[in-house]
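Here are my notes after a pass through this one. Have the coordinates open while you read, and skip around as you like.

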Amino acid sequence: MTHKLINSAKEILSENDLGTYTVPTHGLYPFQWNWDSCLSALGLARFDEPRAWTEIDTLFEHQWDDGMVPHIIFHQEDSGYFPGPDVWQTRREVPTSGITQPPVAGYAVRKLFERAADRELAARRARALLPQVAAWHDWFFRCRDPERTGLVAIIHPWESGRDNSVDWDSAIGRVPTDGVPPFTRRDTEHANPAHRPTQAQYERYIWLVQLFRGLGWDNSKLHDASPFRIVDPGFNAILIRSCTDLAELADILGEAEIASKSREYATSGIAALEQLWSEANGQYICLDRTTGEKIDSPSVGGLLTAFAAIPNSRAAAIANRIARIGETAKFLVPSHDPASPDFDGLRYWRGPVWLIVNYMIANGLARAGETEIVSRIVADSVRLIEQSGFAEYYHPITGEPCGGTRFTWTAAMVIEFLTQNET
Ligand code: DGY
């Protein structure tokens, strides 16, 4: 069975491979997405190391001068996606979006380097990427943490990767929709509308894009101008983990300055994360930086923190919390607690299970020694694939496949889960 699943995963990776980058899936997402590419590179590396490095190189070829790495690179025209380059208007030779995504690149580059069979190639490619990833991290702490709190804010729900999470409901509700012209969504032509964000949410997503576009995509202005500024513990944990991994890689490659700066970011991030701990929820929760209020929403964002080196007592509490959720959810880890009234098991990030999230949580909890819950998360992930194929996400109680099909990063994560004892 393992062999068969790995072969099917490999087929999906090839099918979605456009030579120098992969699309997440044909139709629904016809361009290169930032964190999709970084996580998918882990799967590509199992069969073709040079191709895996190219996936990340291609992404960083489109890094902005200020250090930001955009969330979408529109390599070729495709009218099947909205909002396309005409809406973003970022005025780049190869058009990109103007916002970013969870910065998992530092983790991915280190992982590719540490596993590489071709050591010479890995050293060369990692050395070239190191300053680029470091510049992205610097950009985050400069532009998204202007008051130097140690934690960065996202300024658009799409940046989180968890687009329509319950976490954003009240903040996105404050975003107006005036001046948003009528538009035709394309996502609901490729995927079941009941699995996607609502029209009201899309109008607010577009309002924010129009606001930033009006400010010329000047990142020295966007953070303070955005009415949507959220400190997401999961997003920050990914950044912190990437900083830690970049520091370790920089040490190996003799780049002392990058190593010490990255370590400083990680240390202050871990310390600051503690403010987001919620005893009542038994997990971390988000902070709305616009109002200064914590957001009382038990989403997977607070569990994803396990990916960073949080204190062992916190990792143990998160393992307990996931085990409790697992009493209701047949498949771990739902993106929102099924016991919450806002849970919706089919709708994108309001309940479904995502394998990339499972992978990052399992990776972090394994490092913290929480082996029992890790085994359950891995077993549930593999059962989902056996039952429902390589979907974008899954209902945590029925296992129903949701969103797009034949998904690149789902395939990559299956390869990771099934070969995890090899690294
Ligand atoms: C989408 O189009 O659904 C994406 O999540 C935005 O990046």
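The points below go from the overall fold to the pockets and cavities, and then to a few single residues.

1. First, the caveat: this is a predicted model, so read every value here as computed from it. Local features are taken only where pLDDT is at least 70.

2. On the overall fold, the chain has 17 helices and nine strands. Its radius of gyration comes out at 20 Å, close to the 22 Å that the globule rule gives for 423 residues, so the chain is as compact as a globular protein of that length. If you want a feel for the dimensions, the C-alpha atoms fill a box of roughly 55 × 45 × 45 Å along the principal axes.

3. How much of the chain is buried? Of the 423 residues, 62% count as buried. The chain exposes about 15,200 Å², with carbon and sulfur atoms supplying 49% of that area. As for contacts with a separation of 6 or more, 71% of them are between residues 24 or more positions apart.

4. Now the largest pocket, which holds about 350 Å³ of space. It is lined by 20 residues, and the closest to the centre are Y107, K111, Y359, N363 and Q420. Several helices take part: α5 (105-115), α12 (233-252), α15 (355-367), α16 (371-388) and α17 (408-418) each give at least two residues to the lining. By class, the lining of this pocket has nine charged, seven nonpolar and four polar residues.

5. The second largest pocket has about 180 Å³ of space. Two helices, α14 (312-325) and α16, each supply at least two residues of its lining. Among the lining residues are A316, A319, N320 and A323, along with L332 and a run from G369 through E370, T371, E372 and I373. R376 is also part of the lining. The split by class is five nonpolar, three polar and three charged. Keep L332 in mind for point 8, since L332 lines this pocket.

6. Which spaces are closed off inside? A search of the whole structure finds two cavities of 30 Å³ or more. The largest cavity has a volume of about 190 Å³. Of the 19 residues lining the largest cavity, Y29, W33, Q101, D163 and Y348 lie nearest its centre. Its lining has twelve nonpolar, three polar and four charged residues.

7. The second largest cavity comes to about 40 Å³. Its lining is made of P157, D163, N164, S165, W168, D169, I172, Q201 and Y205, with α8 (169-173) and α10 (199-214) as the elements that give two or more residues. By class, that is four nonpolar, three polar and two charged residues. D163 is worth clicking on: it is one of the residues nearest the centre of the largest cavity, and it also appears in the lining of the second largest cavity.

8. Two cis peptide bonds to check. One runs from F82 to P83, with omega near 5°, and P83 is in the loop between β2 (72-73) and α4 (85-88). The other runs from L332 to V333, with omega near 0°; V333 lies in the loop between α14 and α15.

9. The loop between α4 and α5 has two positive phi values to look at. Q89, which is not a glycine, sits in that loop with a phi of about 45°. R91 is in the loop between α4 and α5 as well, and its phi is near 55°. Are these residues buried or exposed? Q89 is partly exposed, with a relative accessible area of 35%, while R91 is exposed at 77%.

10. H62 is in the loop between α3 (49-60) and β2. H62 has a relative accessibility of 10%, under the 20% limit, so it counts as buried. Beyond its neighbours within four places in sequence, H62 is in contact with P70, I73, H75, R92, V94 and T96.

11. Last, P181, found in the loop between α8 and α9 (187-190). P181 is partly exposed, with a relative accessible area of 44%. C-alpha to C-alpha, P181 and I206 are 9.3 Å apart in space and 25 residues apart in sequence.

How values were computed:
Residues numbered from 1 in each chain as written. Predicted model: local features only at pLDDT ≥ 70, side-chain atom pairs only at ≥ 80, totals over all residues. Heavy atoms only, no water. 1 Å grid on protein atoms, 1.4 Å probe; cavity = no way out; pocket = protein on both sides within 12 Å on 5 of 7 lines; lining within 4 Å. Points joined across faces, edges and corners; volume = space filled by probe spheres on them. Helix = DSSP H or I, 4+ residues; strand = E, 2+ residues; numbered from the N terminus. Nonpolar A, V, L, I, M, F, W, Y, C, P; charged D, E, K, R; others polar. Rg over C-alpha atoms; globule rule 2.2 N^0.38 Å. Buried < 20%, exposed > 50% of the residue type's maximum accessible area, 1.4 Å probe, protein only. Contact = heavy atoms within 4.5 Å. Areas by Shrake-Rupley, 256 points an atom, 1.4 Å probe, with all protein chains shown as cover.
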